[in-house]
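User: I am new to this structure and would like to learn how to read it feature by feature. Please give the general idea each time, then the case here.

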Amino acid sequence: MNAALKSPQLDSTLDADKLAQLARLTSGLSPADLYWIAAYSAALAARLPAYAGLAVVGEPSAVPAGQAGERLSIVYGSQTGNSRRVAEQLAGNAEAAGLLVRLLRAGAYPLRELAQEHHLVVVISSQGDGDPPDDAIGFIEFISGKRAPRLPQLKFAVLGLGDSSYPKFCAVSRELDARLIELGASRFSTLGEADVDFDSTAAEWSAGVLETAREVLSVPAASARHASPLHAVSAPPQHSRDNPFPAAVLENQRIVSRNSDRDVRHIELSLEGSGLRYEPGDAVGVWPQNPPALVEQWLSTLKLDGANEVEHDGRRLPLARWLSHERELTRLTRSLVVAQATATGHGDLQRVLEPGQQAAFARLLESHQPIDLLREFPTSWDAAQLIAALRPLTPRLYSIASSARVVGHDEVHLTVGVVEYAAHGSVHYGAASAFLAATGDDTRVPVFVEKNERFRLPADSSRDVIMIGPGTGIAPFRAFVQERQATATSGRNWLFFGNRHFAQDFLYQAEWQEALRSGALHRLDLAFSRDSAQKIYVQQRIREHGRELYAWLREGAHLYVCGDSAHMAKDVHEALLETIAIHGRQSAADAKAWLAELLQQGRYARDVY
Amino acid sequence: MPSHFETVKQESRFLRGGIAEGLADPVTGAISEDDNKLLKFHGSYLQDDRDIRDERRRQKLEPAYAFMVRARLPGGVMTTAQWLAFDKIAGDYASSGLRITTRQTFQWHGIIKRDLKPTIAAIDAAMASTIAACGDVNRNVVCNANPVESQAHEHAYAWAVRLSEHLEPKTRAYHELWLDGEKLIGEEEVEPLYGPTYLPRKFKIGLAIPPLNDIDVFAQDLGLIAIVEEDGRLAGFNVAIGGGMGASHGDPSTYPRLADVIGFVLPEQLLALAETVIAVQRDWGDREERKHARLKYTIDRHGLAAFKAELEQRLGFALQAERAFRFDHNGDRYGWIEGHAGRWHLTLQVESGRLLDNEAHTWLSGMRELAAIHKGDIRLTCNQNLIIANVAAADRAAIDELVARHGMDGYRRHSAIRQHAIACVALPTCGLAMAESERYLPQLLPKLEALLDRHGLIDAPILLRLSGCPNGCSRPYLGEIALIGRAPGRYDLRLGADFRGQRLNQLYRENVDEAALLDVLDQLFARFAGERAAGEHFGDFLLRAAVLSQPRLIPLKVSA
């Protein structure tokens, strides 16, 4: 037994009592258990603000992050399998030589771990006109992109495979090698270049790499790195709803296909330096600016000059600025209808305001934006009166689509359905979605974090979760699955997703496929409403799999619904009641009471809008 | 050690594998890589739209997967009813019309996963099949399509059909998967010729009737040259083995090879001959390295004599000495030709074999209209063209009018090089393509025509073959001029095949762009225009003028 193992002699900040407890706890454990405890502690530490920089618990890797110093990572980018074979050969030899090795295809490499990587070997081919293999595009883009971390800790070696009859022979490996140097990394072996007959070159290069690796990695790297106190981050300014943080846009990517009749964006914002912290389930509040085209439409319709300064509430701003930054232009309000009815004296408008006309009024609010009213019932507005009659602009909330444990607290992801449609003869926009969709490198998005304590993953990580998130309602579940994977929970994850078309609108399809493969997601049920003559929605899938869903709930699963409140949430609720009644052999009233109890306990949580 | 796919075949329960489960998986439009290889035996495989592959990766979507489906149509002959059914399948399920392949059949592109079963079922309902249109089995049997010698053609076609049926896989998996056939329970599946692992690689049979080599008989694994007596009687077939086009860039252990004529068999010996050649290849072929698995490598590894000896021993009789034959050319004869019994046949040129409705021509609507009035049959050629066959003299005018009205009469106007151009599909659907082919042909041809015109060669027939990769679907190694894709916009230029499909071309410029290609060809066209002998073809000229070296006439043989 290994009870006789001596405790490691490390400088510690723990007192003697805690050290003794730790020694008792770890006595007799297997190396796997000990590594697990190391990873567990690292994960705990990552939750503490001062240690957030160490939050490196990305995709589960064979070896805990703390082991990166002793480990040789071998990554291959292969199109035809040659690079893969060279990498596998090298990995086999390195393992045989007693080294700690992890072998990964470039597409599976957890990019977040690069900043902690110490010894990296890349074997990669160049295709056609100097392009990386398909599977390595993301890897290469990340390293060559603006978000690549500095890599002073990294020692690396690159082997390129190519065909010297192409003008850009081994372009990918050459650029990668140069870029890693640029990022502060150093070579532990020279750049290798192998032509079509790569075998001998590759073997020679691999032998050289192995020899150096054995020298560099033979001494177990001190874990003292983690025991030494890290410098504390000084307290950042508090950002909030009223003091939003101007976030840079890291990515603004359409995530529906070119043939989709909708536009949905995956937006990545930088929170670096904001001090903002978020958890899965939280939302980001975005202070939008109205679309410039819409402001233009207002000014031309009302024949007002945007440059004219207008004073309101003690502030003087140009009218165009009031309209773009300060006032609600996309949501019709009762007060505006009243003002417009009074100003125009139009009978139609006055009638919908009469008592008993609630239904007609509601229809008006739903079908019209303010600009439609201004056009349909023209009247002249004084700029100051207009600003006074319009409601102040309010922030829009977006459920967060990332886990800080995976992407870091310096970054937050959103899933934004872009509201843009034709009505009353012109294009209509949603304020925040149009603003976010139009963002680029230079845009700063004013944001804050809106906590949502009622939409939290179970504290008991062995609980199963069922997530129902059609459309952009998928967002928080991307965060949930990332979080559950990063914390290596034992509970199962079941996702229901629906949208219009499989080929066009399957949001984050590639990520869900990977999650299913890696075991981060256990079930995925899909409903695409426009792919068949008969429209199919998630509630139908809930009914189809009712027996199993009920069994999960009986065993303590937590249930989450996110997305459209007008139809989906109601239909899903009905389907759940029906499922509970049928499979739980309960009366409708009992089913209702049971579901209400789940809501009460926080086991059934909804984030609908 | 057998290659991975040999194990997959072995464990596939006669081509079932996990195909049914893969088709039912709603999370992806694809099926697994192993199942995709098995699916080939059923006449289909997975592709994706490479034009938007990277765009979709950024969109966090899987590639735009869709299936290619290929019919098995021995000899390329179909009825008008079948034409209409195939046309409807194109409209209902496919993305880019009908595509005539270089092996005399149709394929459809862009069929999404949930439409795969209905598509194959519809092909079956049209009295055709997709079984063994791809995969490690005997593929679609091609057969001389030119109906000048109509009676001999009928005989040859009948043999093509018999070969096709005789060599079809017998597994019930096809019926189970696509036609709701009952599952075999308890009964043992038998695959008497192929066995559970089928062949080491694809196997192609083609049947030519001299003097026309329109099927490129020497590019076949098993090429059959019909020997027709003066009285029109079919005496039998010369047997040629070991042809094949595919190669890999930069790998000299792979190469195109022309078939060797090894003897002659009587008609009644034909089925046994074909079956036995396949059986020897089944047993002797390389099952460790797929790129060395075609019959041509088996023959070169064991030696032609050893292969022939094994073949004759298994057959129990010796092949007769080969009979004399002569081929004139390997192209199609455009326009009307009179066959026997006063029947007429009209050959139309289809650029790259792609039938679509667009501004220049309306092939789909035109042929739909034609199929409604035509009383004969329709044939596809290995040069991607089609023949309106068996027309009464009185009906010719109506067909001419229809053909002209739909812009399908390009053959009347096309330059000689355009009439002899073949291109494979390549981008965006073909997973193997390294460069454009079908989409590049319409851009390249006007440039070549301008050069030829400048040198007074616009009427010189020159075989032009474009291929997006070195695997050879367009039989590029038999082009007098051939472009073989290396990378976007870059090709290997090969020159100097003959005009009859009996001499391979040679690599002349490696990995060059269009400007370099046109520059080289401009110079060679100038010399050809000035120095050519009467009736001399471009490829022959290049050898005579010593632009190219004389090829070795005896194929390289490596003793075992």
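The turns below go through strands, salt bridges, a polar contact and a surface patch.

User: What should I know before starting?

Analyst: This is a predicted model, in which local features need pLDDT of at least 70 and side-chain atom pairs count only at pLDDT 80 or more, while totals for chains, interfaces and linings use all residues. Residues are numbered from 1 along each chain as its sequence is written, chains are lettered from A and ligands numbered from 1 in the order in which they are written, and side-chain values use heavy atoms, with hydrogens and water left out.

User: How do I read a strand, and which strands pair with β17(A)?

Analyst: Helices (H or I, at least four residues) and strands (E, at least two) are DSSP runs, numbered from the N terminus. Two strands pair if DSSP finds at least two bridges between them. Here β17(A) pairs in the parallel sense with β18(A), residues 493-499, over four bridges, and A:Met467 faces A:Leu495 across that pairing. With β20(A), residues 558-563, the sense is again parallel, over four bridges, and A:Ile466 stands opposite A:Leu559.

User: Which helix joins β17(A) and β18(A) in a β-α-β unit?

Analyst: A crossover is right-handed if, with the strands pointing away from the viewer, the path from the first strand over the helix to the second runs clockwise. In chain A, helix α17 (residues 475-486) forms such a right-handed unit with β17(A) and β18(A).

User: Are the two faces of β17(A) covered or open?

Analyst: Buried means under 20% relative accessible area, exposed over 50%, and partly exposed in between (1.4 Å probe, protein chains only). Both faces of β17(A) are covered: A:Val465 and A:Met467 are buried on one side, A:Ile466 and A:Ile468 on the other.

User: Where is there a hairpin, and what is in its turn?

Analyst: In chain B, β11 (residues 335-338) and β12 (residues 343-348) pair in the antiparallel sense over four bridges. B:Glu338 stands opposite B:Trp344. The two strands form a hairpin with four residues between them, and B:Ala341 in the turn has a positive phi of about 60 degrees.

User: How many salt bridges are there over all chains?

Analyst: A salt bridge is a side-chain nitrogen of Lys or Arg within 4 Å of a carboxyl oxygen of Asp or Glu. The search finds 86 over all chains. One of them joins A:Asp263 and A:Arg254, with the closest N and O atoms 3.5 Å apart; A:Asp263 is buried at 17% relative accessibility, whereas A:Arg254 is partly exposed at 23%. Another, between A:Arg523 and A:Asp525, is 3.0 Å from N to O. A:Arg523 is buried at 18%, and A:Asp525 is buried at 10%.

User: Which residues are linked in a network of salt bridges?

Analyst: They are A:Arg112, A:Arg147, A:Glu251, A:Glu268 and A:Glu411.

User: What does B:Asp251 contact through its side chain?

Analyst: A polar contact is a pair of N or O atoms within 3.5 Å; within protein, one must be able to donate a hydrogen and the other to accept it, and residues adjacent in sequence count only if both atoms are side-chain atoms. The side chain of B:Asp251 makes one of 2.7 Å with that of B:Lys291. B:Asp251 lies in the loop between β9 and β10 of chain B and is buried, at 15% relative accessible area.
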